[in-house]
Amino acid sequence: MKKALVIIGLSILAVSCNKTAEVKEVKTAYVDTSVLMKEYTEAKDLEAKYKAQAEEKGRQLQAEITRFKQDAANFQSQAQANGQQWAQQRGAELQKREQQLGYAQQALSQQLQQESGVEMDSLISGVKKFIKDYGKKNGYAYIYGTGDAASILYAEDKFDITKDIIKELNDKYKAAPKTDGKAAVKEGEEAKK
């Protein structure tokens with residue numbers, strides 16, 4: 001009886017091994033995210049916007065720094081003429097002003113980073129959603145990202161769809177009605193949800 005079960009089991013195994021398994025090809029691709037962010041028009045516009053803001057606000061601060069440097073230079077020449085007590089008092093005032101200018105520079109930098117970070121997060125969320133929709137629409141099982149945060153160590157160039165994604169994103173951005181930054185931030189926050 002045991003021999004019969006073993007023979008039947010081996011026969012089933014042999015028959016099942018003869019059947020070829022159908023293998024469905026998995027469609028994959030990758031996007032070079034660093035190239036995408038360099039060539040995506042909306043990302044370029046966002047970068048230019050904050051660069052212009054930084055330059056404008058930086059000019060205002062630079063004017064104050066220039067005045068401070070002139071006052072400091074004048075202090076050196078007047079210190080001997082006005083005496084030690086005057087020099088100590090004026091030196092303390094200049095030190096306080098220098099410290100305030102340093103704080104102002106730091107606050108400006110943080111403010112610009114925070115504002116641009118919110119919009120950049122919104123932009124990145126939108127790009128991720130776009131790539132997800134693109135993958136579904138075009139039948140991809142996987143779309144990987146390479147670039148700054150690489151998750152692929154090697155891929156053949158034929159799987160690179162970066163140019164296709166950039167073209168479609170830029171076309172979509174050009175076709176979209178221009179709104180203020182707050183509307184884009186709201187869209188990005190909704191995309192995250």
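**Close-up 1. Helix α3 and its end-to-end span in the predicted model.** The expected span of a helix is taken as 1.5 Å times one less than its number of residues. For helix α3, which covers residues 41-82 and so holds 42 residues, this gives 62 Å, and the value agrees with the 59 Å that separates its end C-alpha atoms. The helix nevertheless carries a kink of about 35°, centred on Gln76, and just after α3 the residue Gly83 adopts a positive phi of about 100°.

**Close-up 2. The buried residues of helix α3.** Ala43, Leu46, Tyr50, Leu61, Ile65, Phe68, Phe75 and Ala79 are the buried residues of α3, and they pack against α2 (33-39) as well as against α4. An α-helix has 3.6 residues a turn, so residues three or four places apart point the same way.

**Close-up 3. The packing of helix α4 on helix α5.** Helix α4 (residues 84-137) and helix α5 (residues 162-175) pack with their axes 11 Å apart and at an angle of about 115°, in a crossing that is right-handed. From α4, the residues Val127, Phe130, Ile131, Tyr134 and Lys137 meet Asp164, Ile165, Glu168, Leu169 and Lys172 of α5. Sorted by class, this contact comprises 6 nonpolar and 4 charged residues, with no polar ones.

**Close-up 4. Glu25 in the loop between α1 and β1.** Glu25 lies between α1 (2-18) and β1 (28-32), and because its relative accessible area is 73%, above the 50% cut-off, Glu25 counts as exposed. Although 116 residues separate Glu25 from Ala141 in sequence, their C-alpha atoms are 9.6 Å apart in space.

Definitions and conventions
Residues numbered from 1 in each chain as written. Predicted model: local features only at pLDDT ≥ 70, side-chain atom pairs only at ≥ 80, totals over all residues. Heavy atoms only, no water. Axes fitted to C-alpha atoms, helices over the stretch in contact; angles between N-to-C directions. Helix = DSSP H or I, 4+ residues; strand = E, 2+ residues; numbered from the N terminus. Left-handed = near helix turned anticlockwise from the far one by under 90°. Contact = heavy atoms within 4.5 Å. Nonpolar A, V, L, I, M, F, W, Y, C, P; charged D, E, K, R; others polar. Bend = angle between axes of the 7 residues up to and from the residue. Buried < 20%, exposed > 50% of the residue type's maximum accessible area, 1.4 Å probe, protein only.
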